[in-house]
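Visitor: I'd like a close look at one part of this model, please. Which residues line the second largest cavity?

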Amino acid sequence: MRIVEIEDVIDESPTIRTLIFNDKITANAKAGQFIMVWLPSIDELPMSVMIPYKYDEKLYAAISVRKRGISSTYLYSRKKGDKIGVRGPYGRAFEIKSERSLLVGGGTGLVPLIRLAKQNRCHTLIMGARSKDEVIFEQLARSMVDRVIVTTDDGSYGLKGFATDPLEELLKEERFDIIYTCGPEKMMKRVLEIANRYGIEAEASLERIMKCGIGLCSSCALDKYILCKDGPVMKGSIILGLEEFGKCYRDKSGQLKSTI
Amino acid sequence: MLSTDICVRLRNPTLLASGILGISYPVLKRVYEAGAGAVISKSISIEAREGYKNPIIVKTEHGWINAVGLANPGVEYFAKEIENCDIPLIVNLVGSNEEEFGKMVKILDNLKIIAYEINFSCPHVEKVGLEIGDDPELVYKIVKKIRSLSKKPIIVKLGLGSSNMIEIARVANDGGADAITAINTIRAMCIDIDVAKPILSNRIGGLSGAAIKPIAIRCVYELSKAFDIPIIGCGGIKDWRDAIEFILAGASAVQIGSAVSERWLDIFNEINNGIMQYMLRKGYKSIDEMIGIARY
């Protein structure tokens with residue numbers, strides 16, 4: 001466990017903040033890897049590693065958190081100077097290919113995709129949000145990716161609809177070599193199915209309940225895979241063959257619960 | 001060459017320790033297919049348990065301290081989870097009294113599982129595990145109850161409590177236990193000095209890893225001297241050398257736990273291959289020939 005101090009806080013949306021801290025080891029994380037963030041006496045949360053904006057990428061890293069439950073709201077409310085614990089990075093990252101890539105992300109699922117775009121030139125990013133308020137990382141993305149397409153469910157900004165709508169349109173017209181996706185499972189399932197239909201390789205960063213983060217407790221089991229070790233990034237061809245993906249997850253006791 | 005007997009014949013002496021990965025059948029099966037001689041489920045209780053809040057594990061200099069809190073889906077759900085079991089699976093059970101164990105065995109006994117392992121040693125949950133494992137009378141009653149209900153082998157998993165381990169092993173043996181696993185994690189704690197707080201949410205957990213191996217070796221040595229039943233060594237095994245050391249101390253098999261985190265599932269094949277190379281070099285033809293030969 002490494003104790004780090006939050007050195008900067010950036011408001012991304014009314015519910016999402018990025019916390020920047022100095023930690024060389026996390027700064028070395030590959031896109032898609034996660035760290036476990038310790039909130040002393042409160043909880044420990046798995047967080048995808050974000051880029052540190054203007055701070056030195058070799059020394060700094062960041063996490064972007066949406067306030068939802070008690071623990072994530074506590075983390076969201078941390079201020080400059082507050083201390084958190086970090087361990088990791090853990091898990092399988094996106095496999096970087098120097099080909100024409102297409103990124104599809106939604107919500108805080110954009111975090112590993114932004115890191116990927118920073119580490120490797122990416123051609124197109126489609127980012128989905130519920131409404132204008134929830135659109136995050138847009139300027140950042142435009143500074144790194146050749147083309148950025150924004151969709152909102154309610155049409156309050158960018159294209160009206162889901163991120164998967166322009167995806168279909170693009171694939172009809174253009175050729176991409178790989179699709180990377182992270183976001184709500186329903187969205188990722190659609191993305192992987194579309195990629196599969198067009199015969200394009202895909203990778204998705206998945207999520208399940210994460211406890212130990214190091215392959216011991218199996219809280220994050222998805223079929224026979226353990227996401228903290230075999231994932232969180234897995235190949236689309238494997239994911240589409242899973243029985244539990246898009247249908248159910250294991251709760252804290254290990255019982256399968258439907259997500260539909 | 002690697003097969004061994006723990007009241008049931010196994011293809012090799014490396015078992016997946018209870019508490020590690022064993023919550024779902026697909027994962028248990030994958031661990032067996034990756035090379036384990038048998039796999040042991042997480043501790044299963046009468047009712048489902050969510051376990052403790054995070055953090056549930058912390059790495060220390062020579063091991064890990066965990067307090068998962070016996071998260072498990074409960075016996076009825078787990079029985080359904082493993083209903084089509086076709087691998088050598090040992091179900092680990094945890095409970096507070098003989099009635100609870102009796103109920104669980106009745107639900108599980110018709111399934112194709114090869115043995116029960118009774119958790120008398122979890123050091124971080126109240127009223128189960130080590131707290132009952134320290135009570136010789138209760139240990140005797142529980143083992144006897146399970147014996148009266150099942151013909152399957154009963155393995156008792158012991159730890160370092162306030163009672164004498166040999167005495168607890170003796171009453172378990174008297175009650176009808178067929179084998180002994182030694183040892184469980186050892187009650188331990190870790191405090192972060194920057195924020196001046198214990199790291200684990202439960203504050204206290206169980207220490208595993210290299211730090212406890214010499215203690216586990218001593219326990220296996222003493223138990224195997226005192227009893228004729230198979231002893232299964234557990235505690236800090238990370239490579240074939242550790243496994244051999246346990247076998248020479250008197251273990252018929254070994255369990256791999258936290259080291260899975262470092263070497264992942266290849267660890268079973270790696271240890272088995274290492275044991276085989278050692279046997280070839282030394283001229284041993286079976287695991288049996290090596291068990292306990294360091295004793296004098």
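Guide: On a 1 Å grid over the protein atoms alone, a cavity is a set of points where a 1.4 Å probe fits but cannot get out, and a residue belongs to the lining if it has an atom within 4 Å of a point. Before I go on, please keep in mind that this is a predicted model, where local features need pLDDT of at least 70 and side-chain atom pairs count only at pLDDT 80 or more, while totals for chains, interfaces and linings use all residues. Residues are numbered from 1 along each chain as its sequence is written, chains are lettered from A and ligands numbered from 1 in the order in which they are written, and side-chain values use heavy atoms, with hydrogens and water left out.

Now to your cavity. From chain A, the lining takes Lys211(A), Cys217(A), Ser218(A), Ser219(A) and Lys252(A), and from chain B it takes Ile23(B), Lys42(B), Val68(B) and Ala71(B). By class that gives four nonpolar, two polar and three charged residues (Ala, Val, Leu, Ile, Met, Phe, Trp, Tyr, Cys and Pro count as nonpolar, Asp, Glu, Lys and Arg as charged, and the others, Gly among them, as polar). The space inside comes to about 40 Å³, a volume being the space filled by probe spheres set on the points, with grid points joined across faces, edges and corners.

As both chains contribute to that lining, the interface is a natural next stop. Here 32 residues of chain A are in contact with 37 of chain B, contact meaning heavy atoms within 4.5 Å. The two chains bury about 2,900 Å² between them, 58% of it on carbon and sulfur atoms; this is the accessible area (1.4 Å probe) that two parts lose on being put together, summed over both. The rule finds two salt bridges across this interface (a side-chain nitrogen of Lys or Arg within 4 Å of a carboxyl oxygen of Asp or Glu). Arg30(B) and Asp230(A) form a salt bridge with 2.7 Å from N to O. On the side of chain A that touches chain B, the elements giving two or more residues are strand 3 (34-39), strand 4 (43-48), strand 14 (225-226) and helix 7 (227-230) of chain A; helices (H or I, at least four residues) and strands (E, at least two) are DSSP runs, numbered from the N terminus. That side of chain A divides into 15 nonpolar, seven polar and 10 charged residues.

For comparison, let us turn to the other cavity. The count is two cavities of 30 Å³ or more, and the largest holds about 60 Å³ of space. Its lining is drawn from chain B, with Phe120(B), Leu130(B), Asp134(B) and Met165(B) among its residues. Helix 4 (130-133) and helix 6 (165-175) of chain B each supply at least two residues of that lining, and the classes are five nonpolar, five polar and one charged.

A few backbone details of chain A may also interest you. The peptide bond from Gly88(A) to Pro89(A) is cis, with omega near 5°, and Pro89(A) sits in strand 6 (residues 83-90) of chain A. Another cis bond, also with omega near 5°, runs from Gly231(A) to Pro232(A), and Pro232(A) belongs to the loop between helix 7 and strand 15 (233-235) of chain A. Tyr53(A), although not a glycine, has a positive phi of about 50°; its place is the loop between strand 4 and strand 5 (60-66) of chain A. These stand out because most residues other than glycine have a negative phi, and most peptide bonds are trans.

Finally, there are 35 salt bridges over all chains. In one of them, the side chains of Lys118(A) and Glu57(A) meet at 3.4 Å, N to O. This pair links distant parts of the chain, 61 residues apart: Lys118(A) lies in helix 3 (residues 110-119) of chain A, and Glu57(A) in the loop between strand 4 and strand 5 of chain A.

Definitions and conventions:
1 Å grid on protein atoms, 1.4 Å probe; cavity = no way out; pocket = protein on both sides within 12 Å on 5 of 7 lines; lining within 4 Å.
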